[in-house]
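Let's take a walk through this structure, one contact at a time. Have the sequence and the 3D view ready.

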There are 4 protein chains.
Amino acid sequence: MNIRILLSVISLLGSHSFAQNLNNVQFPEMQKATGRKEIRIPGIMGYQTLKCDFHMHTVFSDGMVWPAFRVEEAWAEGLDAISITDHIENQPSKKYVSGDHNTSYELAIDLAKQKNILLIHAGEVTRKMPPGHLNALFLTDTNPLDVPLVQDALQAAKKQGAFIIWNHPGWKAQQPDTCRWWPLHEELFEKGLINGVEVFNEIEYYPIVLDWCISRKLSVICNSDVHGIVSETFDLENGHRPMTLVFAKSRSIESIREAMFANRTVACFDNKLAGKEEFLAALFLASVTVKSIAAYENNNQELFEIKNNSTIPFDIETQQGGKFTILAEASIIMPLVRGELNGITVLNLYTGSQSKLKVDLF
Amino acid sequence: MNIRILLSVISLLGSHSFAQNLNNVQFPEMQKATGRKEIRIPGIMGYQTLKCDFHMHTVFSDGMVWPAFRVEEAWAEGLDAISITDHIENQPSKKYVSGDHNTSYELAIDLAKQKNILLIHAGEVTRKMPPGHLNALFLTDTNPLDVPLVQDALQAAKKQGAFIIWNHPGWKAQQPDTCRWWPLHEELFEKGLINGVEVFNEIEYYPIVLDWCISRKLSVICNSDVHGIVSETFDLENGHRPMTLVFAKSRSIESIREAMFANRTVACFDNKLAGKEEFLAALFLASVTVKSIAAYENNNQELFEIKNNSTIPFDIETQQGGKFTILAEASIIMPLVRGELNGITVLNLYTGSQSKLKVDLF
Amino acid sequence: MNIRILLSVISLLGSHSFAQNLNNVQFPEMQKATGRKEIRIPGIMGYQTLKCDFHMHTVFSDGMVWPAFRVEEAWAEGLDAISITDHIENQPSKKYVSGDHNTSYELAIDLAKQKNILLIHAGEVTRKMPPGHLNALFLTDTNPLDVPLVQDALQAAKKQGAFIIWNHPGWKAQQPDTCRWWPLHEELFEKGLINGVEVFNEIEYYPIVLDWCISRKLSVICNSDVHGIVSETFDLENGHRPMTLVFAKSRSIESIREAMFANRTVACFDNKLAGKEEFLAALFLASVTVKSIAAYENNNQELFEIKNNSTIPFDIETQQGGKFTILAEASIIMPLVRGELNGITVLNLYTGSQSKLKVDLF
Amino acid sequence: MNIRILLSVISLLGSHSFAQNLNNVQFPEMQKATGRKEIRIPGIMGYQTLKCDFHMHTVFSDGMVWPAFRVEEAWAEGLDAISITDHIENQPSKKYVSGDHNTSYELAIDLAKQKNILLIHAGEVTRKMPPGHLNALFLTDTNPLDVPLVQDALQAAKKQGAFIIWNHPGWKAQQPDTCRWWPLHEELFEKGLINGVEVFNEIEYYPIVLDWCISRKLSVICNSDVHGIVSETFDLENGHRPMTLVFAKSRSIESIREAMFANRTVACFDNKLAGKEEFLAALFLASVTVKSIAAYENNNQELFEIKNNSTIPFDIETQQGGKFTILAEASIIMPLVRGELNGITVLNLYTGSQSKLKVDLF
């Protein structure tokens with residue numbers, strides 16, 4: 001309710017503008033501020049935690065926006081790296097746009113440099129199931145992937161050193177009532193042509209895929225697959241677009257590539273995390289601090305101040321069945337018996353399709 | 001601060017999803033709701049008040065978005081009519097897009113019908129000053145406007161019955177230190193080739209142009225000239241994009257055209273209105289109601305409930321120098337001596353470059 | 001994120017204030033605007049729909065605020081009527097406050113008249129279960145209720161024509177694992193000493209109580225029982241405090257009393273409604289309008305514009321299993337086969353503990 | 001617009017609750033989250049920057065709330081220290097409340113310990129001008145200040161080691177058309193009975209007082225003087241209540257006292273700072289970092305990333321007349337010629353009634 005603010009401006013501008021300038025008066029207060037907000041997620045294990053989205057579209061396939069805009073919105077949201085993955089085979093706007101499969105990258109790279117966003121050259125191989133859709137990242141030339149056989153397309157990517165992601169394996173348009181790992185996926189996987197799988201796409205979570213990734217040493221991937229505007233698709237007031245967190249040696253494309261092949265990734269969606277237990281435990285413990293501040297009247301309880309430095313809230317269940325939430329970028333004060341902070345379950349940190357992080361907080 | 005909301009969902013989904021489905025779990029709470037909000041501005045004098053934006057760009061000139069997206073965002077914001085006005089002469093993306101000057105209209109019209117948005121076929125004649133940039137509305141074919149001489153372009157528009165707007169006359173890139181009506185504008189005006197002028201463009205107000213419009217019987221026009229995303233360019237939490245209010249006999253393109261040639265328009269920007277006194281007075285009086293609810297202790301004052309049904313707040317100054325704001329879509333209670341509500345000035349309603357609406361409220 | 005707005009003000013005030021006044025410069029933009037927003041819920045069946053909260057506390061029992069503040073916040077939120085129901089027997093602050101059981105009413109009634117809020121004189125009889133806590137409304141003097149026997153207290157209320165509400169019957173502090181109608185309640189009910197029951201209190205819903213109310217002809221009641229600040233207790237950005245909707249012949253205390261004894265009430269909480277089917281159907285149909293706006297490509301579908309004039313969103317399930325939400329104070333466009341709008345279930349309108357409203361929308 | 005979120009909850013709870021529990025279903029999503037947010041302002045010169053508000057009221061003078069609530073809201077907003085300063089002489093509610101001048105402190109101190117808020121024992125000496133109103137902080141017993149002569153009251157405070165603040169010297173109710181330092185203030189000042197002056201109170205700034213403080217070695221003080229609810233009085237979405245920043249050796253009452261007598265304070269209001277140049281320069285330079293990230297096409301410009309770690313935005317004017325804003329807790333990218341970052345003026349950092357901070361940023 002900031003009408004009052006606007007009105008102060010109105011009256012000020014109103015009275016002064018008349019005296020000063022009849023030609024051109026600016027009203028900058030109408031504009032939205034455009035700054036970059038940091039997404040606070042701590043580094044772990046000596047790595048930087050980079051916030052990445054490896055799946056999005058532009059007018060050069062079936063998206064609504066010009067390629068450079070994808071850089072602009074990633075910068076504003078606080079991301080470190082993105083890849084534009086226009087469909088190689090599905091281009092409904094082809095009649096109205098020109099260029100080849102590298103065009104969308106080329107139209108975004110200059111702004112990426114100016115905004116210090118890591119732009120990863122990529123493309124989306126788009127087939128029926130199996131094998132469905134696959135993103136190839138870290139390309140130098142997307143055009144050689146435009147070939148009839150999917151195996152040939154992926155080999156062309158691999159020749160360039162690509163990291164290949166199987167996208168939205170449980171998408172109902174392709175797997176309406178299951179999320180199956182087909183023999184063709186097994187074949188591609190054995191040839192090194194699948195290196196990661198999306199456990200999350202847009203607003204869909206595929207729990208079974210989290211188990212696949214952990215058991216097969218595939219990277220856990222989480223992407224927006226945005227076709228429209230990120231800020232109009234996702235509720236950025238209360239969270240972020242789906243992101244892949246990459247634990248990288250440095251903030252560079254090469255380090256991201258190294259980390260992804262080493263499976264150092266976690267999915268981050270809807271204020272939840274999904275991935276290997278060791279990463280989730282490290283992220284949780286790097287985010288949260290606990291301090292006893294006073295005795296409390298009842299039951300040998302103490303008042304504990306629990307502070308969360310990260311943008312991810314944590315939803316806690318104690319062994320005694322108590323539940324509370326450690327709010328994002330905030331501190332709370334809880335009356336607890338000291339032992340209650342041991343063996344807690346973090347309900348929104350998924351270590352497998354049916355398991356959640358258990359950890360000692362104090 | 002809706003973290004708590006998200007967390008409730010987290011815990012609910014968390015616990016149930018595991019039991020129910022390992023393939024695909026939807027998280028619709030991540031998405032922004034997409035409904036159309038009404039912009040509450042009352043009809044006046046027997047006319048409907050239509051909210052219009054006659055100036056915007058797409059990838060088919062120097063904009064960031066696909067044409068159909070302009071319909072989508074106009075629908076969501078609550079507008080009635082828009083025109084896409086891609087530059088005829090200035091097309092930096094020409095190498096990457098195909099089609100002719102009608103393409104952006106054609107790529108948006110189907111969605112416009114589905115969303116019940118009035119899409120007005122148009123184009124922007126883009127020249128150096130004089131005469132600068134001019135929008136031609138209500139075209140049937142924009143291609144004939146692509147000719148060397150600006151007079152020929154505008155005549156081609158007029159042949160189609162176009163309404164022609166001189167855009168951003170005080171734009172500093174073209175008129176750095178003045179806002180001049182050139183002899184060429186006089187010539188075009190006399191030939192009926194200028195029918196309205198933007199008194200406001202994006203975030204710029206040209207007070208002198210309001211006087212031009214009133215004295216020459218030109219329509220007052222107010223447009224966004226948006227190239228990026230409306231919701232990221234303008235602060236829609238506290239206001240709207242710049243709009244031209246059109247007082248039309250019905251909600252149709254033909255009625256808008258009739259109203260515009262009859263100068264039944266008002267500029268609406270930054271929670272202000274600018275235009276003919278009779279329209280502003282009618283809008284104000286149709287928006288606000290006053291009721292005495294109780295005597296008040298001091299100075300023969302009464303408590304007045306003042307209710308504003310419109311989305312425009314009104315910033316009031318009484319003859320006694322008192323100032324208060326009638327908030328948008330809200331009511332306030334003010335202690336006032338009865339006579340104080342006569343002869344008030346509405347500080348954010350501009351009837352001329354140096355005059356504001358004076359009106360009796362009670 | 002309106003930092004930009006503030007900054008415009010900063011620079012304007014900054015530059016001008018220095019020249020103008022070194023003694024006292026006002027920054028009204030720091031303040032929150034204080035207007036009253038209408039809660040849009042339509043009248044039905046010829047009655048006005050009044051928004052009421054009949055349960056709240058002040059420093060005169062165990063609340064945090066001065067009585068007049070309860071009027072202030074009810075006015076700002078858009079309520080029509082409230083009652084302050086300080087505990088008669090439970091007064092932890094008694095050592096620090098003075099007066100009798102009418103004091104909190106007396107300290108609020110003047111502001112209520114100035115703000116046009118209907119303030120109902122009341123008190124809370126506060127006992128162990130059974131019968132628990134009961135609010136007596138429409139009193140003229142609360143002091144006679146301060147007697148040892150609960151039956152005597154309620155008879156003293158009845159002598160004044162009181163409407164008596166059993167509060168939070170399922171409160172775990174008093175009924176930890178059930179929500180029982182005790183023999184004492186049956187006795188009080190038969191003597192006319194229970195006239196309504198809270199189906200909802202603060203953030204708790206007691207579904208079984210909805211069935212009691214409907215079968216026994218008790219009024220459905222829904223209250224905040226707020227002890228702190230309403231705007232800090234409830235998320236008013238996305239909803240309202242719990243409210244009892246009263247369908248009254250006019251906006252007066254006497255009409256509210258008549259309506260409550262006639263059971264013309266509905267509970268409104270968390271963007272849901274609970275009450276008699278006839279009231280819910282009437283509220284839904286008075287809120288929503290449907291219009292076919294265009295044919296749609298597939299399956300004989302049409303595009304329907306569905307508009308919701310009320311502040312309650314409606315969550316719809318069609319007989320075919322389709323789900324969608326009619327957003328609050330917004331319109332949506334849905335592709336539907338015409339018959340799909342018959343026999344819909346409104347998932348957030350509860351007609352009984354295990355039933356939801358079924359209705360034809362078109 | 002988080003209706004969608006609520007609706008997800010609705011449908012989930014709706015379907016499950018019926019099967020699970022007819023007695024009591026909780027809707028925690030209706031509640032506002034209650035965590036403490038950090039106010040990010042860096043420490044300087046080896047001191048911690050503590051955020052303090054030394055002026056506020058409760059029902060024990062003319063405020064609207066119970067004393068403990070002042071602790072609750074200070075905790076949630078992120079403050080370190082407060083003092084409750086109920087009027088000693090002006091108690092309109094005296095008829096309805098009991099206790100002495102220490103009661104409001106006593107009713108808040110337990111919660112202060114539990115919330116780790118530093119609660120400073122205090123009181124407001126309330127007289128006509130001169131000398132007006134004065135707050136005495138760091139008392140052990142406020143009762144001895146309740147004496148007829150103001151000099152005696154202040155001496156009684158001084159005997160306890162009090163720090164004494166002259167409140168709102170430019171308040172129009174007491175100094176309608178000036179802000180005068182009266183002979184009585186000179187006398188009190190010389191006796192050490194005025195140690196600081198409010199340069200800001202609630203929404204009022206007294207620029208001349210900033211000069212007084214700097215020339216006379218008085219501490220710059222900035223307080224809310226809140227009588228109602230902080231979150232309903234001030235727009236906390238876009239800023240904070242007025243605060244005194246204290247540069248203290250540690251987070252303790254004794255350190256605050258030491259710092260205040262040493263004049264290590266700055267006023268923080270409306271996203272501005274006012275105080276000694278050395279403190280403002282240190283705060284600015286500790287908040288902002290600059291990095292050149294790329295060459296830019298025109299005029300030997302480079303793109304600079306400017307990051308602001310503090311909650312205070314900075315409004316910059318370069319020597320060349322360029323203006324831009326370094327948004328709060330965000331980074332921006334600006335094309336600038338390297339030298340432009342020298343000799344900038346920070347328009348919202350006031351070093352005197354007519355001077356602003358000048359500083360080199362790079």
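Start where chain B meets chain A: 61 residues of chain B are in contact with 61 residues of chain A. Keep in mind as you look that this is a predicted model. Which parts of chain B make up its side of that contact? The elements giving two or more residues are α1 (3-20), β1 (25-26), β9 (204-205), α7 (207-216), α8 (230-233) and β19 (344-352) of chain B. Of these, α1(B) gives the most, with 9 residues. If you sort this side of chain B by class, you get 29 nonpolar, 22 polar and 10 charged residues.

Now zoom in on a spot where strands from the two chains come together. Strand β1 (residues 25-26) of chain A pairs with β9(B) over 2 bridges, in the antiparallel sense. Here you can find A:V25, which stands opposite B:Y205 in β9(B).

How do the two copies relate to each other? Turn chain B by 180 degrees, with a shift of 0.0 Å along the axis, and chain B can be laid on chain A with an RMSD of 0.0 Å. The two copies are thus related as by a two-fold rotation axis. The interface fits this picture too: 100% of the interface residues of chain B are also interface residues in chain A, so the copies meet through the same surface.

Next, swing over to where chain A touches chain D. This contact takes 21 residues from chain A and 21 residues from chain D. On the chain A side, the elements that give two or more residues are α4 (109-115), β14 (288-295), β15 (302-308) and β18 (330-336). The largest share, 4 residues, comes from β18(A). By class, the chain A side divides into 8 nonpolar, 6 polar and 7 charged residues.

Three of those strands are worth a look together. In chain A, an open sheet of 3 strands has the order β14-β15-β18, with antiparallel pairing. Why do β14 and β18 of chain A each have one side without a neighbour in the sheet? They stand at the edges, each with a single partner strand, so one side of each is left free of a neighbour there. On average, neighbouring strands of this sheet are turned by 25 degrees against each other, direction ignored.

To finish, follow one pair inside that sheet. β15(A) and β18(A) run antiparallel and are joined by 7 bridges. Look for A:E305 and you'll find that its bridge partner in β18(A) is A:I333.

Definitions and conventions:
Residues numbered from 1 in each chain as written. Chains lettered and ligands numbered in written order. Predicted model: local features only at pLDDT ≥ 70, side-chain atom pairs only at ≥ 80, totals over all residues. Contact = placed C-beta atoms within 7 Å. Nonpolar A, V, L, I, M, F, W, Y, C, P; charged D, E, K, R; others polar. Pairing = 2+ DSSP bridges. Least-squares fit on C-alpha atoms with pLDDT ≥ 70 in both. Axes fitted to C-alpha atoms, helices over the stretch in contact; angles between N-to-C directions.
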